[in-house]
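Got your viewer open? Let's take a walk through this protein, one selection at a time.

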Amino acid sequence: MATSDPSTKSIPLQITEDEAAVYDRQIRLWGLEAQQRMRNATILVVRLRGVATEAIKNIVLAGIGKLVLVDGDLVAEEDLGAGFFFRDDDVGKKKAEAAKARIESLNPLVTVETISAAPALEGDALDALVRDVDMVCVTDSDRETLIRVNGACRRSQKPFYAGGTYGLLGYIFCDLLTHDYIAPDRTASKDTAKNVKYTTTYCRLRAALGHRWTGLTRRQTRELNPAATFVILALWEYQAQHKGVLPHDAGEAAVLEQMANTLLSQADVNKQAMPSIPKELVETMAVTASHEMSPVCAVVGGMLAQDMLKALAARESPIVNFFVFDGHTGGGTVCRMNIP
């Protein structure tokens, strides 16, 4: 996993006896070396909505070294549902500042820095911000923002995560560059199994979006639940054509359906398995995509945090590379988008 230039980082901190006692259960699970990597990691999280709230809770409790939270928005009444870092009297305040004390209270061993200025995510400021962290996670953002931040991560060789929800649908995408990890030998028998090193080479989001589903059987295609995936991709396209706004009523269903079916056709999805996107799904998403649902945020945010920690620990394979959660079925699938 890529890390910052050693010349720009202080000497790694060693876990103290008191910290070892706090993280005892995790050290037994991951090992001391993995916990040490988490302890020295600085993670940048962009945008504090339901998914980020759940992810932040988990990575802070797990014992990362520093959290940098960037969000220039104000707390709105609708944020009080899935945003459990907020209270009624926070409405109208800057999100990052309102949440800071409650995040810190989860684990006093973690340093929390907040940035409420939107220009921090533009141009040279974005590159400088990314250079000073070890991992970047952008949540609930439009496609172009994700591509732009992913590009900055590529320039600085920093792992990148994205995640979000649209009503009952949610996703996680990751670009971990060239990622090494330790996992049980897949080729050995149970009696001779041992841990070995694996390497996965990821692609950036822009390349992943060009993935073609050519050659998959009907069964393989259905198992990947392409309807949920292409509705999410269509929502990104809708945002791109509507200045970042999501559909919010049934009147937009026809437009969203056309976008989803166009993307489905361009990706050469097996027509026997999925001739078109189900109208019912599109109609539901046209009405609900702009709303957060706490249970979906909890599932997606929890999995996002788990995968980020897994990548930091370099234990077991992280997501490769696009995960979709479908709240209609309660299940999730992982598609290797433009990764052999």
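Does V255 count as buried, partly exposed or exposed, and what is its relative accessibility? Select V255 and show its surface while you think; keep in mind that this is a predicted model. V255 counts as partly exposed, because its relative accessibility is 33% and that class lies between under 20% for buried and over 50% for exposed. You'll find V255 in helix α12.

**Stop 1: from α12 to α13**

Now add A286 to your selection. V255 and A286 are 31 residues apart along the chain, and their C-alpha atoms are separated by 9.3 Å. A286 is one of the buried residues of helix α13 (residues 279-288), along with L281, V282, M285 and T288. Colour those buried residues and look around them: they pack against β5, β6, α11 and α12 (253-266).

**Stop 2: the sheet**

Hide the side chains and switch to a cartoon view. You should be able to trace an open sheet of eight strands, in the order β3-β2-β1-β4-β5-β6-β9-β10, with mixed pairing. At the edges sit β3 (111-115) and β10 (331-335), each pairing on one side only. Going from one strand to the next, the twist averages 15°.

Next, select residues 226-241, which form helix α11. This helix packs on the sheet, where it touches β5 (160-166), β6 (169-175) and β9, and its direction makes about 100° with that of β9.

**Stop 3: the hairpin**

Zoom in on β9 (residues 322-326) and β10. The two strands run antiparallel, joined by five bridges. Pick F323 and look across to β10: its bridge partner there is V334. Then pick F325, which stands opposite G332 in β10. Follow the chain round the turn, too. Four residues lie between the strands of this hairpin, and G330 takes a positive phi near 80°.

**Stop 4: a loop residue**

Where does N107 lie? In the loop between α6 (95-106) and β3. Is N107 buried or exposed? It counts as buried, because its relative accessibility is 6% and the cut-off for buried is under 20%. Leaving aside residues up to four places away in sequence, N107 touches Y23, V60, L61 and G63.

**Stop 5: α4 and α14**

Select helix α4 (residues 50-62) together with helix α14 (residues 294-313). Their axes come within 7 Å and cross at roughly 40°, which makes α4 oblique to α14. The crossing is right-handed. Show side chains for the contact: on α4 it is made by G50, V51, E54, A55, N58, I59 and A62, and on α14 by C297, A298, V300, G301, G302, L304, A305, M308 and L309. Colour them by class and you get eleven nonpolar, four polar and one charged.

**Stop 6: α7 and α8**

For the last stop, select helix α7 (residues 123-131) and helix α8 (residues 143-156). They pack at an angle of about 55°, and their axes are 9 Å apart. That angle makes α7 and α8 oblique to each other, and their crossing is right-handed. On the α7 side, the contact is made by L126, D127, V130 and R131; on the α8 side, by R148, V149, A152, C153, R155 and S156. How do the residues of this contact divide by class? Five are nonpolar, one is polar and four are charged.

Methods: Residues numbered from 1 in each chain as written. Predicted model: local features only at pLDDT ≥ 70, side-chain atom pairs only at ≥ 80, totals over all residues. Heavy atoms only, no water. Pairing = 2+ DSSP bridges. Axes fitted to C-alpha atoms, helices over the stretch in contact; angles between N-to-C directions. Contact = heavy atoms within 4.5 Å. Buried < 20%, exposed > 50% of the residue type's maximum accessible area, 1.4 Å probe, protein only. Parallel < 35°, antiparallel > 145°, perpendicular 65-115°, else oblique. Left-handed = near helix turned anticlockwise from the far one by under 90°. Nonpolar A, V, L, I, M, F, W, Y, C, P; charged D, E, K, R; others polar.
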